[in-house]
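Trainee: Could you walk me through this model before I start on it myself?
Mentor: Gladly, have a look at it first.

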Amino acid sequence: MVIKPKIRGFICTTAHPVGCAKHVEEQVEYVKSQPKFEGPKKVLVIGSSTGYGLASRIAAAFGGGADTIGVCFEKPASDNRTATAGWYNTVAFEEMARDAGLFAATVNGDAFSDAIKAEVIDLIKEHFGQVDLVVYSLASPRRTHPKTGESFSSVIKPVGQAFTSKTVDVHSGKVSEVTIEPATEDEVKNTIAVMGGEDWEMWINALDEAGLLADNATTVAYSYIGPELTYAIYREGTIGRAKDDLEATAKRMNAKLSGRGGRALVSVNKAVVTQSSSAIPVVPLYISILFKLMKEQGLHEGCIEQMYRMYKDRLYVGAPAPTDDAGRVRLDDWEMRPEIQAAVMKAWSEIDAENLMQLSDLEGYRADFLRLFGFGIEGVDYEADVNPDLQLQAPGSAK
Ligand code: NAD
């Protein structure tokens, strides 16, 4: 099958197996080119197949020599559809990890469910004994509650009042003004149910009750703050409410785990192009401007650079992790530098359809977006006939 990108709205419905493997390999090579760190050795990554979770898994494995178990929700190829990018990424990661002599197994299914938690618990018992790091990196539009069966959908909306802002259609380059109506109370509640801390805490409690958390285990989940110009749609919107809940959960769990040398942290990461961030209105225009400025200053990072820095310079420094006053690890420090933000604000106020390409790195955004699905990657022959039907190894058979 010759595979080309098919873009529908803010997703690409095809993925390229060879391109995805190369994208994973590039991240592996980046980590291998950096100094190793003394990090966790038995790692569970929930949301392991794309974006920050995949980068967390790669950096733990190739930077710290960790064995990893991943959890993700991806689709294999069927009829004439390709598999999802996260599926191909996972096949490639597992192969590279095993070639490096590391254990790697992945459970593909709904992480919110009790059944998947039970499956992961069995795997940890069998292969790890205990875990010393649990990364929680889920980004999902919906969740079915495992106890009540209730289904929740998350929305990305402002809270309290409507929000009007510039936005860009990434693919056509059309700059326009968008007004987003405020969320209802139910929508706020449902977004918290999907993206807040409840499921993270359920995972940690389930692992702890099964005796699978090492005494000094760390658990980390990811958050975002961003600049004032996106506050209404992000940090003070529905998703921000969910992040507040996630951060409160971290504090609660930290109080519990710290008694025995463990810790629960939130890391505030930089804005990057992922399947999830592409779906947020306004944010892609901000990211396009930000990337141009950060690239010009030599400060640009993607998921892998951030996650490597998180382990090496934040979580595993042989001392308590440096945090902000609210106890959060900050990896958005370069994004939030006052001179970067001042330059973003200036460009934001001036940007329009005419100067879009001068004031922003929309090309870079588009390229990153395509790379998420394995397209536009150097060294890949996109005219070649490739087999889309790659198999993920059954987790129980992993060695
Ligand atoms: P992503 O879409 O790239 O990854 C989401 C992962 O969750 C994938 O592995 C997917 O398979 C998995 N997943 C989704 N639903 C699942 C389910 N029901 N069961 C099992 N797995 C499931 O997202 P991302 O952007 O890397 O986001 C990860 C975290 O990082 C989120 O908490 C997000 O808010 C945070 N974050 C993202 C950014 C950004 O700019 N992208 C910035 C800061 C923080």
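What follows is a short talk about the sheet, the cores and one loop residue.

Trainee: What kind of model is this, and how are residues numbered?
Mentor: This is a predicted model, in which local features need pLDDT of at least 70 and side-chain atom pairs count only at pLDDT 80 or more, while totals for chains, interfaces and linings use all residues. Residues are numbered from 1 along each chain as its sequence is written, and side-chain values use heavy atoms, with hydrogens and water left out.

Trainee: OK, the sheet then: what is the strand order?
Mentor: The order is β5-β4-β3-β6-β11-β12-β13, an open sheet of seven strands with parallel pairing; strands here are DSSP runs of E with at least two residues, helices are runs of H or I with at least four, both numbered from the N terminus, and two strands pair if DSSP finds at least two bridges between them.

Trainee: Which strands stand at the edges?
Mentor: Those are β5 (104-108) and β13 (329-330), each with a single partner strand, so one side of each is left without a neighbour in the sheet.

Trainee: And how many bridges join β3 to β6, and β3 to β4?
Mentor: β3 (residues 42-46) pairs with β6 (residues 131-136) over four bridges, and with β4 over five. Leu44 stands opposite Val134 in β6 and has Ile69 as its bridge partner in β4, while Val45 faces Gly70 of β4.

Trainee: How many residues of β4 are buried?
Mentor: Six of the six are buried, so β4 is largely enclosed by the rest of the structure; buried means under 20% relative accessible area, exposed over 50% and partly exposed in between, with a 1.4 Å probe and protein chains only. Asp67, Ile69 and Val71 point one way from β4, and Thr68, Gly70 and Cys72 the other way. In β3, four of the five residues are buried.

Trainee: Which helices lie on the sheet?
Mentor: Among them, α3 lies across β4 (67-72) and β5, at about 160° to β5, and α9 (residues 303-315) packs on the sheet, touching β6, β11 (213-223), β12 (263-268) and β13, with its direction at about 130° to that of β11. Axes are lines fitted to C-alpha atoms, for helices over the stretch in contact, and angles run from 0 to 180 degrees between N-to-C directions; contact means heavy atoms within 4.5 Å.

Trainee: Switching topic, how many residues has the largest nonpolar core?
Mentor: It has 56 residues, and those with the most contacts inside it are Tyr286, Ile287, Ile289, Leu290 and Val344; such a core is a set of buried Ala, Val, Leu, Ile, Met, Phe, Trp, Tyr and Cys residues joined through side-chain atoms within 4.5 Å. The largest share of this core, nine residues, comes from α8. A second, separate core of 38 residues includes Ile58, Leu102, Val220 and Val329.

Trainee: And Thr14, buried or exposed?
Mentor: Thr14 counts as buried because its relative accessibility is 10%, and this residue lies in the loop between β2 (11-12) and α1 (17-32). A polar atom of the Thr14 side chain lies 2.8 Å from the backbone oxygen of Lys4. Leaving aside neighbours within four places in sequence, Thr14 is in contact with residues including Phe373 and Phe375.

Note on methods:
Polar contact = N/O pair within 3.5 Å; in protein donor to acceptor, adjacent residues only side chain to side chain.
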